[in-house]
Amino acid sequence: MVGMKIGILTSGGDCPGLNAVIRGAVLKGIQNHDIEFVGFRDGWKGVVEGTVMPLGRPQVMGISKQGGTILGTSRTNPFDFGGTERVAEVMDAEGVDALITIGGEGTLAAAKRLTDAGIRIVGVPKTVDNDLSATDYTFGFDTAVQIATESMDRLRTTGDSHGRCMIAEVMGRHVGWIALHSGMAAGAHAILIPERKTSMDEICGWIDSARSRGRAPLIAVAEGFKLDTMDDAHSERGLDAFGRPRLGGIGDMLAPDIEYRTGMETRSTTLGHIQRGGVPTAYDRVLATRYGMAVVDSVLEAHWGRMVALRGTQIVNVPFEDALGKLNTVPQDRYDEAAILFG
Ligand code: F6P
């Protein structure tokens with residue numbers, strides 16, 4: 001549509017592939033539809049503060065292989081800073097007709113509230129955790145799995161040299177997808193995920209079994225994992241801006257107990273933000289680019305309150321609420337399949 005101006009923002013935790021989405025959207029929008037783009041800086045923070053940057057061909061040149069986001073991001077909740085009224089005011093002042101929000105669960109929840117109040121927003125799902133329903137995969141997940149797998153391969157060689165039990169703690173919030181895939185790829189002797197509470201006895205049984213065959217056990221644990229004695233995931237760093245507990249540290253918590261019970265020297269490594277940094281894999285670049293191009297169509301077709309999603313190999317679009325209703329958790333059969341190789 002000639003004369004149309006779209007604002008793009010990236011919000012929430014960063015994720016490899018964000019830049020490829022931005023590039024895909026901007027190139028298609030300019031080339032096919034003569035759309036003008038503007039980037040809001042640092043997620044919703046830039047929207048409520050009215051901080052923008054130009055977004056044309058020069059800004060998106062060669063960025064699909066760059067990690068992070070050229071727009072910056074934050075975990076700002078727009079409803080803490082004026083909400084709908086403020087967002088509408090800034091869009092008006094900037095002459096922006098619609099917003100493309102690239103974000104995860106927190107971002108899309110805010111986007112849904114704003115859309116319900118009349119703001120024109122379409123979304124692109126983003127998360128390394130792969131925890132959003134209504135899409136088969138999110139970009140960034142493949143990269144995180146690749147990094148976690150490589151890291152576990154490295155932990156194995158040092159574990160083998162010392163005859164130690166090695167624990168690799170990965171991200172994923174309340175789902176175990178990164179742990180499941182990277183643990184399986186790296187041949188972990190146990191994969192501990194939030195969807196399956198597990199006892200210390202069971203974990204130590206797998207460790208003993210691996211050790212009895214002369215192996216140095218490798219345990220992949222998701223940050224949201226709970227022992228059968230725990231009600232909530234391990235969290236020691238308070239809540240984020242959307243009121244969700246900051247996870248991390250379960251590996252360090254398990255290690256001394258495992259060492260005590262098995263008598264095997266045990267070390268834990270928390271991979272942390274390494275999993276979100278650096279260049280996206282080719283798979284993530286392609287998925288992100290396709291999302292970027294497809295979301296331009298969503299704007300042109302006025303699909304407000306909807307986000308692009310992957311179904312099989314097709315890009316479709318679905319209402320925000322389909323993604324937000326419930327978490328995309330690891331199903332039992334995927335866990336059972338992986339568990340055949342434990343111990
Ligand atoms: O949602 C992505 C994620 O990386 C989670 O896996 C993790 O729990 C969280 O974000 C970390 O958040 P922050 O970057 O704010 O520490």
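**Entry 1: helices α7 and α12**

I looked up which residues bring α7 and α12 together in this predicted model, and I find Trp177, Leu180, His181 and Met184 of α7 meeting Arg334, Tyr335, Glu337 and Ala338 of α12. Sorted by class, this contact comprises 5 nonpolar, 1 polar and 2 charged residues.

I then turned to the geometry of the pair, bearing in mind that two packed helices are described by the angle between their axes and the distance between the axes. For α7, which spans residues 177-186, and α12, which spans residues 332-339, the axes come within 11 Å and cross at roughly 30°. Because angles under 35 degrees count as roughly parallel, I note α7 as roughly parallel to α12. I also recorded the handedness, and the crossing of α7 past α12 is left-handed.

**Entry 2: helices α1 and α10**

Next I took α1, residues 18-33, and α10, residues 282-300, whose axes come within 7 Å of each other and cross at roughly 45°. I therefore describe α1 and α10 as oblique to each other, and I add that α1 passes α10 in a right-handed crossing.

From the α1 side, I list Ala20, Val21, Arg23, Gly24, Ala25, Lys28, Gly29 and His33 as the residues in contact, and from the α10 side Arg285, Ala288, Thr289, Gly292, Met293, Val295, Val296, Asp297 and Leu300. When I split the residues of this contact by class, I get 8 nonpolar, 5 polar and 4 charged.

**Entry 3: cysteines**

How many disulfides does the structure hold? I find 0 disulfides, and I kept in mind here that a disulfide is a covalent bond between the sulfur atoms of two cysteines.

To see why cysteine 165 is unpaired, I looked for the cysteine sulfur closest to its own, which belongs to cysteine 204 and lies 8.5 Å away, too far for a bond; the cut-off for a disulfide is a pair of sulfur atoms within 2.5 Å. I also checked accessibility, and cysteine 165 counts as buried because its relative accessibility is 0%. For cysteine 15 I likewise read 0% relative accessibility, so I enter cysteine 15 as buried.

**Entry 4: aspartate 232**

Is aspartate 232 buried or exposed? I put aspartate 232 down as exposed, because its relative accessibility is 60%. I located aspartate 232 in the loop that runs between β8 (218-222) and α9 (250-262). Finally, I looked up its separation from proline 194, which is 38 residues away along the chain, and the C-alpha atoms of aspartate 232 and proline 194 are 9.7 Å apart.

Conventions. Residues numbered from 1 in each chain as written. Predicted model: local features only at pLDDT ≥ 70, side-chain atom pairs only at ≥ 80, totals over all residues. Heavy atoms only, no water. Axes fitted to C-alpha atoms, helices over the stretch in contact; angles between N-to-C directions. Helix = DSSP H or I, 4+ residues; strand = E, 2+ residues; numbered from the N terminus. Parallel < 35°, antiparallel > 145°, perpendicular 65-115°, else oblique. Left-handed = near helix turned anticlockwise from the far one by under 90°. Contact = heavy atoms within 4.5 Å. Nonpolar A, V, L, I, M, F, W, Y, C, P; charged D, E, K, R; others polar. Buried < 20%, exposed > 50% of the residue type's maximum accessible area, 1.4 Å probe, protein only.
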